[in-house]
Amino acid sequence: MSQTENQLLPTGHARIDSLTMSGIVKRFPGVLAADEIDFDVRSGEIHALLGENGAGKSTLMKMLYGLYHPDEGEIRINDAPTIIKSPIDAIQHGIGMIHQHFMLVPSLTVAENIALGMKSSRGFQLDLDVVSQRVLELSDIYNLKVDPHLPIWQLAVGEQQRVEILRALYKGAALLILDEPTAVLTPQEVDGLFRILNQLAADGHGLVFISHKLHEVLEISHRVTVLRDGRRVNTIPTSQATRPKLAEMMVGRPVLLEYEKNPLQARDDRLALQDVSALSNRGTTGLDAVSLQLRGGEIVGIAGVSGNGQQELAQCITGLREVTAGSVTVDGSDVTNAPPAALHAIGLSYIPEERMIDGVIKEFSVAENYVLQDHGHPKYTTARIFMLFNKIRQACRRAIQQFEIKTPSTETLVKSLSGGNIQKLVLARELSRDPGVLIAAQPTRGVDIGATEYIHKQLLEERDKGTAILLISEDLDEIRALSDRIAVMYEGRIVGEVVNDNVDVEQLGLLMTGGV
Amino acid sequence: MGLDDIFTASVFASAIRLATPYIFAALGETFAQRSGVLNLGVDGIMLMGAFGGFYAVHLAQTAGVMAEPLGLLMGVLVALIVGGLMGLAMAFVSVTLKAKQGISGIGVYLFGLGLSELLFQQWVGTPKSVAGFPRISFPILTDIPILGEIFFHHNLLVYVAFALVPLSAFVLNRTTFGLMIRAVGQNPEAADAMGVSVARVRYATTTIGGMLAGLAGASLSIALINLFQQNLTAGQGFIAVALVYFGGWRPLAVAAGAMLFSFVNALQLQIKVIGADIPSEFAVMAPYVITIIALVFATKRQEQPTALTKPYERGE
């Protein structure tokens with residue numbers, strides 16, 4: 001084999017032996033998003049980039065992909081200083097990016113999505129047959145099975161991700177940046193992705209794996225770089241890393257990763273669903289005869305891939321979606337299709353999935369959001385009409401202190417707070433009402449590790465106080481860490497329920513995808 | 001009076017003629033909407049195109065400086081340019097300035113309505129007619145009984161309009177430009193990430209839409225009616241926008257909708273002509289009522305551009 005052949009990837013494109021970013025600085029108005037960051041990737045390596053939201057991971061990688069331009073610092077590809085002006089420029093240099101939200105057009109076919117933005121071999125006329133042929137070749141080489149003629153919307157999430165990877169390879173990517181690629185995948189799909197990534201590395205590609213999930217970083221990467229507040233904390237070989245060590249590097253202080261759970265002290269049934277059915281937004285079956293019992297003092301986790309009825313379930317319980325059949329009972333009284341206000345009155349609290357839409361009014365102040373349901377409560381009003389803003393602010397200040405919400409004042413608009421702090425505010429509001437039943441949907445999605453730890457601890461405390469908690473989450477780790485029982489939803493049904501005691505993850509994953 | 005009196009060959013022939021401006025305007029609007037721009041100003045652009053085309057032909061014919069076909073082609077050219085410029089203005093407001101498309105479209109409409117009237121009064125004054133595009137007689141074909149009258153005795157612009165239908169479908173579905181249009185209208189982030197300039201594509205489609213709307217106007221003022229007057233289009237541009245929804249953003253279906261609408265329109269004209277005992281107001285309303293009913297049943301379809309009316313901004 002000659003020297004040059006050695007340097008080529010199986011796609012026929014050149015390798016990137018090394019890519020170095022040194023002293024990278026990026027300023028945004030009022031923020032130093034990247035502060036002299038050094039980072040490098042080599043051919044054949046999976047380099048994990050770890051950090052909280054806002055630590056600078058995405059900013060750094062967007063500079064590598066030409067979406068942002070560094071204010072200071074240098075990027076070298078194979079030792080040659082390189083300026084990357086745009087994504088097209090990045091692609092020409094052999095850099096590909098797999099975005100967290102797939103950059104695919106749902107109504108177009110796989111081949112059309114890949115042909116988009118590329119020169120056609122037939123001038124202005126599309127050459128989809130040529131593209132399809134090449135896609136099939138690449139599918140063979142990398143074992144990425146995809147039918148080029150199917151429209152994207154017919155593909156499962158994992159398959160869509162494969163299309164993204166195929167497209168990057170098609171365009172000659174030697175270095176692949178993967179932005180939180182496992183966020184939307186089931187455990188089986190994650191396994192499949194990791195096999196692909198390992199093969200890509202073995203074939204000489206360089207990979208940057210952006211994540212905030214510690215165990216994944218430990219499993220897949222060769223080296224790991226941790227960022228915090230726009231600065232590089234350190235780069236270490238993964239073999240020398242442990243979960244507590246990485247978490248501490250990320251957050252800047254030791255973090256609790258495993259919770260000490262008090263033994264289950266289940267009390268009476270508080271929430272009961274009997275054969276509850278409901279329609280989805282599209283008018284199809286959203287919930288299909290779901291039955292569920294929730295006792296005081298226990299957390300029941302609802303696991304499942306997004307869009308399998310979890311949202312409908314939460315809305316049916318909280319009075320936000322019409323129950324078409326079956327019954328919902330709280331503390332023995334039938335509350336099927338009761339209005340939300342009546343449900344609040346009997347002690348039902350709800351942490352909604354879309355906190356920015358259903359949880360808060362982002363143009364309102366912290367204090368106003370704190371009393372969204374209780375603004376008419378006697379303790380905050382005179383004659384239930386005139387609001388006593390001093391009392392409201394007082395109560396809000398106490399909550400801010402107790403829940404460690406970082407906000408300049410009670411009058412700050414909620415939209416200027418970080419995701420973690422907004423979620424703490426929602427949690428503070430819902431728990432301030434001393435609920436008997438708490439529905440928590442994706443309570444820590446998009447929330448940093450520090451706030452996640454805090455929210456988890458609060459949920460466990462609430463459980464020990466005797467509240468019945470329904471935890472709906474796509475994050476299996478969260479479900480397993482907190483739940484006493486786990487129910488799996490698939491296509492609007494509960495397809496399995498297990499006591500959370502050495503649960504087999506593979507088993508859960510199979511249930512989540514309708515297997516078994 | 002029987003059905004024979006209503007469904008005559010001339011009714012079919014006039015349906016085809018009446019469909020011409022709708023086809024031009026609706027095809028242009030299809031391009032714009034497929035890329036995510038809802039241009040509600042079509043009617044105003046049609047008026048400007050109608051006036052521009054009419055005025056060019058009027059000048060050429062009164063001054064006698066140009067041979068007849070050349071003067072008419074001049075008119076078409078002016079209509080295309082005027083329409084294109086108005087489309088460009090719409091693109092600037094909605095793509096570069098990211099204004100609300102519904103509002104800016106109404107602005108473009110009112111601008112075209114007012115300016116075409118003002119210029120007409122300043123430069124022309126009283127309604128005058130011009131010698132428009134003549135009907136073409138084909139050897140043999142035109143003489144076929146019935147079919148000859150229906151299909152082979154129209155002016156040039158009618159044939160251009162119908163030829164544009166398959167051409168538009170080809171451009172949208174089979175070319176790289178069409179792929180970019182569809183991508184930009186469905187998921188502009190994805191198109192941007194693939195190196196497609198969202199702004200450039202939307203500028204192009206909105207300008208093409210404007211040119212075709214201008215041509216639609218000219219097809220009225222120098223081929224169908226052969227005159228200009230205040231508010232000549234009488235809302236045909238809005239019908240064209242509705243036809244795009246009706247046809248589900250597919251050129252062939254959009255043109256079919258234009259045909260259906262024009263056919264009902266031609267029928268009501270014929271009913272008036274033969275003096276049927278139906279209040280003529282009902283007959284005039286019929287095409288619009290049928291369009292509204294059809295729109296209600298035209299539910300969300302795959303081709304619906306999900307980014308329609310949404311200005312694109314790069315994330316974060």
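Glu112(A) and Arg182(B) form a salt bridge, with their closest N and O atoms 3.1 Å apart. Keep that pair in view while you work through these exercises, and remember that the model is predicted.

**Exercise 1. Does the pair pass?**

Task: What distance between N and O lets Glu112(A) and Arg182(B) count as a salt bridge?

Solution:
- Step 1: Get the cut-off. The side-chain nitrogen of Lys or Arg has to be within 4 Å of a carboxyl oxygen of Asp or Glu.
- Step 2: Check the pair. The closest N and O atoms of Glu112(A) and Arg182(B) are 3.1 Å apart, so the pair passes.
- Step 3: Put it in context. Between chain B and chain A the count is 1 salt bridge, while a search of the whole structure turns up 30 over all chains.

**Exercise 2. Sketch the interface**

Task: How many residues does each chain bring to the contact, and which three residues of chain B supply 31% of the area it buries against chain A?

Solution:
- Step 1: Count the residues. Chain B brings 22 and chain A brings 27.
- Step 2: Look at the area. An interface is often sized by the accessible area lost when the parts come together. Here chain B and chain A bury about 2000 Å² between them, and 65% of that is on carbon and sulfur atoms.
- Step 3: Pick out the big contributors. Thr176(B), Leu179(B) and Met194(B) supply 31% of what chain B buries against chain A, more than any other three residues.
- Step 4: Add the polar side. There are 5 residue pairs in polar contact between chain B and chain A, with both residues at pLDDT 80 or more.
- Step 5: Find the elements. On the side of chain B that touches chain A, two or more residues come from each of helix H7 (156-174), helix H8 (176-186) and helix H9 (188-193) of chain B. H8(B) gives the most, with 6 residues.
- Step 6: Sort by type. That side of chain B divides into 9 nonpolar, 8 polar and 5 charged residues.

**Exercise 3. Salt bridges inside chain A**

Task: For Arg223(A) with Glu45(A), and for Glu453(A) with Arg253(A), work out where the partners sit and whether each is buried or partly exposed.

Solution:
- Step 1: Take the Arg223(A) pair. The side chains of Arg223(A) and Glu45(A) meet at 2.4 Å, N to O. Arg223(A) belongs to strand S9 (residues 223-228) of chain A, and Glu45(A) to the loop between strand S2 (31-42) and strand S3 (46-50), which puts the two 178 residues apart.
- Step 2: Judge burial. The cut-off is under 20% relative accessible area. Arg223(A) has 12%, so it is buried. Glu45(A), at 6%, is buried too.
- Step 3: Move to the other pair. Glu453(A) and Arg253(A) meet in a salt bridge at 3.2 Å, N to O. Glu453(A) is in helix H16 (residues 449-464) of chain A and Arg253(A) in the loop between helix H9 (243-251) and strand S11 (269-279), so parts 200 residues apart in sequence are tied together.
- Step 4: Judge burial again. Glu453(A) is buried at 6%, but Arg253(A) is partly exposed at 35%.
- Step 5: Contrast with a pair of sequence neighbours. Arg429(A) and Glu430(A) form a salt bridge at 3.2 Å. Arg429(A) is buried at 4%, and Glu430(A) is buried at 1%.
- Step 6: Look for a network. Asp40(A), Arg42(A), Glu45(A) and Arg223(A) are joined into one network by salt bridges that share partners.

**Exercise 4. Chain B as a whole**

Task: How many helices and strands does chain B have, and why can we call chain B as compact as a globular protein of its length?

Solution:
- Step 1: Count the elements. Chain B has 13 helices and 0 strands.
- Step 2: Compare sizes. The radius of gyration of chain B is 20 Å, close to the 20 Å that the globule rule gives for 316 residues, so chain B is as compact as a globular protein of that length.
- Step 3: Add the box. The C-alpha atoms of chain B fill roughly 65 × 45 × 40 Å along the principal axes.
- Step 4: Check burial. Of the 316 residues in chain B, 52% are buried.

**Exercise 5. Two spots in chain A**

Task: How many residues of helix H2(A) are buried, and which backbone oxygen does the side chain of Gln310(A) reach?

Solution:
- Step 1: In helix H2 (residues 57-64) of chain A, 7 of the 8 residues are buried, including Lys57(A) and Lys62(A). Just after H2(A), Gly66(A) takes a positive phi of about 85°.
- Step 2: Gln310(A) sits in helix H10 (residues 310-317) of chain A and is buried at 5%.
- Step 3: The side chain of Gln310(A) reaches the backbone oxygen of Val305(A) at 3.0 Å. Beyond four places in sequence, Gln310(A) is in contact with residues including Ile472(A) and Met489(A).

Conventions. Residues are numbered from 1 along each chain as its sequence is written. Chains are lettered from A and ligands numbered from 1 in the order in which they are written. This is a predicted model: local features need pLDDT of at least 70, side-chain atom pairs count only at pLDDT 80 or more; totals for chains, interfaces and linings use all residues. Side-chain values use heavy atoms; hydrogens and water are left out. Contact means heavy atoms within 4.5 Å. Buried area is the accessible area (1.4 Å probe) that two parts lose on being put together, summed over both. A polar contact is a pair of N or O atoms within 3.5 Å; within protein, one must be able to donate a hydrogen and the other to accept it, and residues adjacent in sequence count only if both atoms are side-chain atoms. Helices (H or I, at least four residues) and strands (E, at least two) are DSSP runs, numbered from the N terminus. Ala, Val, Leu, Ile, Met, Phe, Trp, Tyr, Cys and Pro count as nonpolar, Asp, Glu, Lys and Arg as charged, and the others, Gly among them, as polar. Buried means under 20% relative accessible area, exposed over 50%, partly exposed in between (1.4 Å probe, protein chains only). The radius of gyration is taken over C-alpha atoms; the globule rule is 2.2 Å times the number of residues to the power 0.38.
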